[in-house]
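Hi everyone, thanks for making time. I'd like to walk you through a structure that you may not have met before, so have it open in front of you.

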Amino acid sequence: SITNSVATGTTALPRGEVTARGRGAGSRWLSTSASAKGEAAGGTAEHLPLVAIPCCYHADPNGNFFQSLHSVTDKYARAAAQSMRVLPVSIPALRGEGMPEDWTYEYLRRMDGLLLTGSPSNIHPTLYSSEGKVRGEPPFDQNRDMTSLPLIRAAVELDIPMLAICRGLQELNVALGGTLNPDINRKFHGYPTDFIEREEGEPEDQDIKFGPAHDIRVSGQLESIIGRNVTQVNTCHYQGIDILAEGLVVEAEAPDGVIEAVRVEGNTFALAVQWHPEYLQWPHSGRDTDEYEMFKADSFKLFEAFGEACRERSKTQK
């Protein structure tokens, strides 16, 4: 498994023997042993770019400040290593406190990409509603806000490859001056299991909760990546883009008009999606429907494209 070191703010792959898995499963394991074998056989080991992943901040429930956590959920670290073929590096949510004024550039000049993850927390509404008209819905994570938004602006300026997922899409929009709607159509978005009645103690059906829920119409760079203009996605969000930030271009929409993907105009690779493509790795119970296979295939194509963009940047920065 992948080890995530919260204390040092880094994510590392385990040492030792790891085998490669098929592309169809969306999981391609990487290891130092595999690289060493390639070099020993006279081949060229694949260069793995470094990708920054801003952490979420979790305050200690007992109020012990020094026991609070900076974390990246396993599914994102695993997707980065297995499907994107990059080395994930966790960035602690320190809000720039105690760091140099240009801390964002200190991080990003060492990185080949920026991956912005989803989260149970929402962006604090004061960041996109100065008049206080939007209340937003907790929980909030202002440490993450104050870490991710400056990194996004710097990544856009430096044209560093960027992929943003769910909260990440919303962070991108807010970072560039857009606003959010904290109360979108919950009968169409949110989790599909929200409207399924269950007996007390009965677990949610995870295949339904995280599986494909509706179509989206795709265009632009995203259409070029997945090779079709309609695909299936899951839905795990309760808010979305309201006013689109200047400089962003819509790449996908849900049937009710909610923006499902955007890109930064003029950047080499800066895509953001509202759904959760990392669930392509979910160990589902075997419902191999056409919709699920489409979701897995298109998610993997997106991750591959981002990983390739990071590798191309890494080559030019040597």
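**A walk through the sheet and its surroundings**

Let's start inside the sheet: E3 and E6 run parallel, and five bridges join them. If you want a pair of residues to look for, take Ile53, whose bridge partner in E6 is Ser90. E3 also pairs with E7, again in the parallel sense, this time over two bridges. There, Val51 has Gly113 of E7 as its bridge partner. And is E3 mostly covered or uncovered? Mostly covered, with four of its five residues buried.

Before I go further, a word about what we're looking at. This is a predicted model. The average pLDDT for the chain is 82, and 75% of the residues score at least 70. The stretch to be careful with is residues 1-43, where pLDDT stays under 50. The model does have 73 contacts for that stretch beyond four places in sequence, but I'll leave it alone today.

Okay, zoom out to the whole sheet. It's an open sheet of nine strands, with mixed pairing, and the order goes E6-E3-E7-E8-E15-E14-E13-E10-E11. Which strands sit at the edges? Strand E6 (87-91) and strand E11 (230-233), each of which pairs on one side only. From one strand to the next, the twist averages 25°.

As a quick reminder, strands in a sheet pair through backbone hydrogen bonds, and they can do that parallel or antiparallel. We've had parallel pairs at the E3 end, so let's hop over to E11. Strand E10 (residues 214-218) pairs with E11 in the antiparallel sense over four bridges. One place to see that is His214, whose bridge partner in E11 is Val233.

Now for the helices on the sheet. Helix H5 (residues 167-175) packs on it and touches E7, E8, strand E13 (248-253), E14 and E15. The direction of H5 makes about 115° with that of E8. Then there's helix H4 (residues 142-158), which lies across strand E3 (50-54), E6, strand E7 (113-116), strand E8 (162-165) and E14. H4 runs at about 140° to E7.

On to the nonpolar cores. In soluble globular proteins, nonpolar side chains tend to be buried together. Here the largest nonpolar core has 36 residues, and the ones with the most contacts inside it are Met84, Leu115, Leu163, Leu222, Phe269, Trp275 and Phe306. Where do the residues of this core come from? E3, helix H2 (74-84), E8, E10, helix H7 (220-226), E15 and H8 each supply at least two. H8 gives the largest share, eight residues.

Click on Leu163 for a feel of the place. Leaving aside neighbours within four places in sequence, Leu163 is in contact with Met84, Leu114, Leu115, Leu116, Leu271, Leu302, Phe303 and Phe306. Apart from this core lies another, of 32 residues, including Trp103, Ile123, Leu149 and Val264.

Next, rings. How many aromatic pairs does the model have? The count comes to three, and I'll show you two of them. In one, the ring centres of Phe65 and Phe66 are 5.3 Å apart and the planes are at 85°; over 60° counts as edge-to-face, so that's what this pair is. Both Phe65 and Phe66 are exposed. In the other, Phe269 and Phe306 have ring centres 5.8 Å apart and planes at 45°, so we call that pair tilted. Phe269 is in the loop between strand E14 (259-264) and strand E15 (270-273), and Phe306 is in helix H8 (residues 290-316), so the pair ties together parts 37 residues apart in sequence. Phe269 is buried, at 5% relative accessible area, and Phe306 is buried too, at 0%.

Last stop, some backbone oddities. Most residues other than glycine have a negative phi, and most peptide bonds are trans. Arg95, in the loop between E6 and helix H3 (103-108), has a positive phi, near 60°. Cys166 has a positive phi as well, near 55°, and lies in the loop between E8 and H5. Are they buried or exposed? Arg95 is partly exposed, with a relative accessible area of 35%, whereas Cys166 is buried, at 6%. And there's a cis peptide bond joining Pro138 and Pro139, with omega about 10°; you'll find Pro139 in the loop between E7 and H4.

That's my tour, thanks for listening.

Technical notes:
Residues numbered from 1 in each chain as written. Predicted model: local features only at pLDDT ≥ 70, side-chain atom pairs only at ≥ 80, totals over all residues. Heavy atoms only, no water. pLDDT = per-residue confidence, 0-100. Contact = heavy atoms within 4.5 Å. Phe/Tyr/Trp six-rings, centres within 6.5 Å; stacked < 30°, edge-to-face > 60°. Buried < 20%, exposed > 50% of the residue type's maximum accessible area, 1.4 Å probe, protein only. Pairing = 2+ DSSP bridges. Axes fitted to C-alpha atoms, helices over the stretch in contact; angles between N-to-C directions. Core = buried A, V, L, I, M, F, W, Y, C linked by side-chain atoms within 4.5 Å.
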